[in-house]
Structure formats: structure tokens, C-alpha cells
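Student: Could we go through this structure together? I would like to look at its charged pairs, its surface patches and one of its helices.

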Amino acid sequence: MNSDNPRREILHETALKAPSSSGVYLWRDTDGTVLYVGKAKILKNRLSSYFSGQKDIKTQTLVNKAHSIEYIVTENEYEAFILENNLIKKYKPFFNINLKDDKSYPMIRITNESFPRIFRTRTMVKDGSRYFGPYPDLGSLDAFLDTIKTLYPLRQCRKFVKKDSPCLYFHMGRCSAPCCGKISKDSYREFIEEIEPLLDGNYENTVKNLEELMKSAARNLQFEKAARLRDGIAAMKNLHSRNTVSDFDDDSRDYIEFFAEGSLVSVAVISMRGGIMTGRDILRYRSLQDETELVQEFFPAYYTCRETVPQHIFVPQNTDGELLRKWLKETYKVRTKLTVMGTRAIDAQDSRHRAAMDMAKQNAKEDIIRRQREQGDIPAMKELQELLGLKTMPVRIEGFDIAHIGGKMPVASLISFLNGNPDKANYRYFRLKTTDGYIDDFASMREAATRRYTRLVNDKKPLPDLIMIDGGLGQVNAVQGVLDALELDIPIVGLAKRDEELYLPGKSEPISLPKRSDALRLLQRVRDETHRFATSRNQALRTKENVVSRFEQLPGIGPKKAKVIYETWKNLAAFADACTEDPEIVAARLGMTKEKIAVCAVKAREILQQAQEKRAAGADRFAPVPVGSGSSYSVGSVAASLAAAALDDDDDGDLLVAESDAD
């Protein structure tokens, strides 16, 4: 797309660095005026689309006029939908002119009458009626109301008039006919008291009742009714997605959360005014203060005059609320209500405040990620260089970790950080062979390092500037032995989880760093990512080999049906129980007869019994191999590992795993 905007490349770069999460984005001109407000299920994809392919005149003009792109991360697309509407009404952007709509989102109204009605509306009448919402998904709202009308015989007529005979709805079972005295006020009120918890969020019991009705309908071969109830349950769950950007609380509120990496601190402030979210501020600074003091440091810099202080401020857990209340009172003579999240009272009172705090936390974290990308986490790399006496700054760091379940299906993960940030294109994992069946983390680490750096040497590829091992001195010495055998000079450091201490090869005394150290935070990020990646790969192997393959042992079950069983019941025991308790539902789900389902149930019980007997017989078969400190390590063991790797060089031992940013 052609563009006369000299900042087009900068805008494009901002789009490419946007997170892969839902949210709202704002295009601004050189004066800071909002040109356009849009929402996206995946911000990165949506913003990047503005810079690819042929665009219409309107889009080209927008990009040409834009000076910056700002985005607000939301918990889900539902919240982004509402927030977009609020911001369009607030800013009235020129390029949203065709999208402006003064209509508000529909709500649910329960009327203030002796025999209340329940219906959707877009307007509020102050007559004592109760309102719930707003709900941007009209389809889910209507499906929910249909379900309510199916379950509860509420009156349907707009105007309540006493009659001698009931209407057709009564004979259809859709109305209790209060107009004819067929139901008392107390009995009718019980219906309303059951419905209101659904809208307030306490709807678990009703969901269970609906699921029982659905199962009963399926058992009676009433599949259409079962499908309606299934859709109603789904609509109810969709209807109760957290809505943190719009409510009916008129108090002005600020939700303050922060995220810190080393000395980098980003604070996010979510502002609610008049019941809607009106903005989000991100403030960046550097600080070496303890995390419990960061909000105290931030307050005087943000609230600079009395007019900026809202009626209610929410701050993170472990914040000194009394100190901040005193500061607000003495400085601005205001009695703002200040709530420290995490206290029992506020958690029990209203979960929407927690949801707003979560949104603020997520936005602060996203800003830290952007800052680290922008500067490459240079302070942390420089500190590491000085601390470890490295010849060069550790631009590329590779980290290792081991994951297994009782020694079975061991996996080693290798992750790569470039300029202090994850480089997911260079992630690898190794399905370990020499330690499959018993536990020996030292031997596992030796095998992984051997296969990795033998491959790099043979392919003449660049070596990392630093290797980080998730473990202590034993693991570090094990990998150092591999590097010595390969005649490689790569610095190694181990990070032990217990006390977060650093270990260097051949040195028994660990190095302790301050908790707010940039170097420590970078190594912790590498360590946590290696652990996450190793665990995810091990779980994937367990799922494939222990679960899906077991399902395929059942008569009449192939790969497709095995996948359906796994997604629905997760394990063989749950599936066997379902076959016995609800064979009609299982049969309908798999497209099989009840007779075949009964055969599957018998076979599933046999497999479970055999597995139990096998575990009992082989409990002591694999004893842990005794290991020393890890320093008593011979080049011969390296040669054995090299030989093992060379024998099967083309298998899944060194796999490229490119992960999306969403991971």
C-alpha cells in the first residue's frame, strides 16, 4: 500500500510488536487527536493488516494522517467490544463516522411488580426495576432468555390484567397464569429468586440442573430438546463472561496495577467514570524500590492536583493503604475510599473489581514486554557480563531444563533468548534416550548438551554467548564436562530454584544477587521459560502416548473418535463411567449404538485393571541410579552419548519448535 507518511515504518513496527491478545486500538494524529478506534480479537494480526495488500481510500487516508498507534489490552473480545463503543462515544473519531451509533447495548430488566416480567431493553426506567448487563452479544442474550422462559413459567403479557381464564401460554406450560390466581406471589417470587443469581454470577447450581435436564432429554431420545438445553447452557456461560469496561456504578474509580522486571517498572491505571471505562494510562519509570513500595512512589507523581483524585482507588495487594489514605487527606483534603485488593471483604463483595485489576496488570505487563523489546534489556546483559567476567555481552543465551514423570518420557528443553527476549524460532526439545525409564538429571543434561553442541559444531553454526542451566553445581559441572570434551569455550551459569543462587563450574560457593537485580531477573525469565517449555512438551507426549493411544485400544474406536473422547472425557476412567451412567449421551456423541458403547465400557475396565496390576507389580522395577556431585565425570561417558546421538541423528531428538507469540 502506498503511503506518503514518513512514519509509516514506525507505525508498521508498532503493529508488528503488538500482543497476540484481544483489545482496542486508537490511531492518533500529530496533535494527539484520535482518528479512529477499532477492536480486535488479535491485536497484532489486525494492526498488521493495515500495512499489507491493497486498501481502500479511507484506510490509506487514515494511515497517511496517523502519527501513532495506541492499544489497550482486554481480557477477551467481549470486553473489547464494549470498550470500543465507549471510546467511540467519548472521542467521536472522524474515521468512525460511519460506525457511530448512539444506541447503548441491551440489558436484562426484571420489573418491579407483584408478578415481575423479565425481558431485554436498551433503556433504563427508574421505577425500582433491576437491571443486569450490558450484553453486546445479542444472540447469546436472546438464547439465554429463551432458556429462562423454557424453565420458568413467568408471565408473558406486557400489562398485568386479571382474567377469568388463562391464555395459550399457560396451556403450553410457558406461563403460571398469575392473572387467574393459578400461582401465589410467594411461589412466583421463588422463580425470580432463582433467576437473579444467574445474572449476578452465582449460577453453578442452575447450570447443573440444566445439564441434568439435557441428559434426561437425551436418554428419552429427545435430541432436539437436549440440543436446545445445550445451547442454552453455552449461551448462559457466554452471557456471564467478565465485563470490566462497563457497569452501573456511577462512582469515579481508578484501578492501579504494576509490573516490574529488574529496575524497569510500568504502572497501568484503568479509569472508570460514570459507569464506563474512559481511559488507560501507562507510566514508565525505573526504580530499585521493593515491590511493596512501588505504588507509594507512583502516587505523588500521578495525582498532582485535587481534581484528578477519584472517589475510589483500588491498589495492589501488599500496598500500605493507610499511608496513601493519609497522604491524600493531608495533601488534597479528600476522603477518597482506597481499597487494597486481596482483602477478604472486597473479594467477596464484587469480582468485577478483581477483573479490572487483572486488566490493568495485563496492560502493565505488555508495556514491560514492549520496553524490553525496544531496548533489548541491555542493563541486564551488561550486569551479567560484569558479574560473570564474560568477554562479550551475552546477546544470545541458551537455557536447558529436564522434565519427566517418574523417569518416564524424559524431555529436555532448549530455549534461546536474543537481546534479553525470547527467540522462539530457535527453541528445541530433545526426547531423551539414555535416561528413559529411570531418573538421572545429570545424565539427562549431559545427553541434551552433547546432542545440541555436537550438532552446532558439525553444522558450523554460531555458538551462544552464555548457557544457563536450571539447576545447581552438579548439573553445571555435567554440562561443563561435555563442553570440555568438545573443546568448546562457552560460559555456563546455573540458577538453583531454592535460594535463587548462581553456580559457576568448579566453584562450590554460589553467588547471591539482590532480588531486584536486572541480571537475576533475566536469568529467572530464561529459567522459567525453559521449565514451561519442557513441561509442555512432556505433557504433550503423555497425552499422546498415555491417553489417546489407550482410547484406540477400544473396539470400534479410531484416531478421530479417540480425539473426541479425549476432548470430552479427558481420561479412560471418566469415559468408562460415562459409558455406564449415560450410554445414550456417549452413543450420540460418538455416533455409535448403545450395544457398542457397552462393549467399550467392558474393554475400558479391563485396560484400567491391567494398568493397575502392572503398576503394582513394577513399582520397584526402576530404582534411581546413585549419582555423585556431578564433577566425577569422564570423557568416556561423553563419547557414549555422542555415539547414541549419531546412531539416530535424523529422529526427533533435535526438533525445531516455532511457537507463536501467544505462547
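The conversation below takes up salt bridges, then surface patches, then a helix.

Student: Before we begin, what kind of model is this?
Tutor: It is a predicted model.

Student: How many salt bridges does the structure hold?
Tutor: There are 18 salt bridges in the structure. One of them joins the side chains of R28 and E70, with an N to O distance of 3.0 Å. That pair links distant parts of the chain, since R28 belongs to strand β1 (residues 23-28) and E70 to strand β3 (residues 68-73), 42 residues apart.

Student: Is R28 buried or exposed?
Tutor: R28 counts as buried, at 17% relative accessibility. The cut-off for buried is under 20% relative accessible area. Its partner E70 is partly exposed, with a relative accessible area of 22%.

Student: Which residue does R155 pair with?
Tutor: R155 forms a salt bridge with E113, and their closest N and O atoms are 3.2 Å apart. This pair also links distant parts of the chain: R155 sits in the loop between α5 (138-151) and α6, while E113 sits in the loop between β4 (107-110) and β5 (118-121), 42 residues apart. R155 counts as buried at 4% relative accessibility, whereas E113 is partly exposed at 34%.

Student: And what about R527, which residue is its partner?
Tutor: R527 forms a salt bridge with D528, the closest N and O atoms being 2.8 Å apart. R527 counts as buried, with 6% relative accessibility, and D528 is partly exposed, with a relative accessible area of 44%. Elsewhere, R284, D367 and R370 are joined into one network by salt bridges that share partners.

Student: Why can such side chains pair at all?
Tutor: Side chains of opposite charge can pair when their charged atoms come close.

Student: Let us change topic to the surface. Which residues gather in the patch of negative charge?
Tutor: The patch of negative charge on the surface brings together D186, E190, E193 and E194. Of these, E194 has its place in helix α7 (residues 185-200). E194 is partly exposed, with a relative accessible area of 41%.

Student: Which residues make the nonpolar surface patch?
Tutor: L168, Y169 and M172 make a nonpolar surface patch of about 330 Å². M172 lies in the loop between α6 (168-171) and α7.

Student: Now the helix. Which residues of α18 are buried?
Tutor: In helix α18 (residues 559-569), the residues A562, I565 and W569 are buried. Viewed down the axis of α18, its buried residues fall within an arc of 65°, so they line one face of the helix.

Student: Is there a general reason why residues along a helix can point the same way?
Tutor: An α-helix has 3.6 residues a turn, so residues three or four places apart point the same way.

Student: Which residues are exposed on the other side of α18?
Tutor: P559, K560 and K563 are exposed on the other side of α18. For K563, the relative accessible area is 51%. The C-alpha atoms of K563 and F551 are separated by 8.5 Å, the two residues being 12 residues apart along the chain.

Student: What does K570 do just after α18?
Tutor: K570, just after α18, takes a positive phi of about 75°.

Technical notes:
Residues numbered from 1 in each chain as written. Predicted model: local features only at pLDDT ≥ 70, side-chain atom pairs only at ≥ 80, totals over all residues. Heavy atoms only, no water. Buried < 20%, exposed > 50% of the residue type's maximum accessible area, 1.4 Å probe, protein only. Helix = DSSP H or I, 4+ residues; strand = E, 2+ residues; numbered from the N terminus. Arc of directions from axis to C-beta. Patch = residues over 30% accessible without salt bridge, like charges linked within 9 Å, V, L, I, M, F, W, Y side chains within 5 Å. Areas by Shrake-Rupley, 256 points an atom, 1.4 Å probe, with all protein chains shown as cover. Salt bridge = Lys/Arg side-chain N within 4 Å of Asp/Glu carboxyl O. Lys, Arg positive; Asp, Glu negative; His and termini not counted. Charge placed at Lys NZ, Arg CZ, Asp CG, Glu CD.
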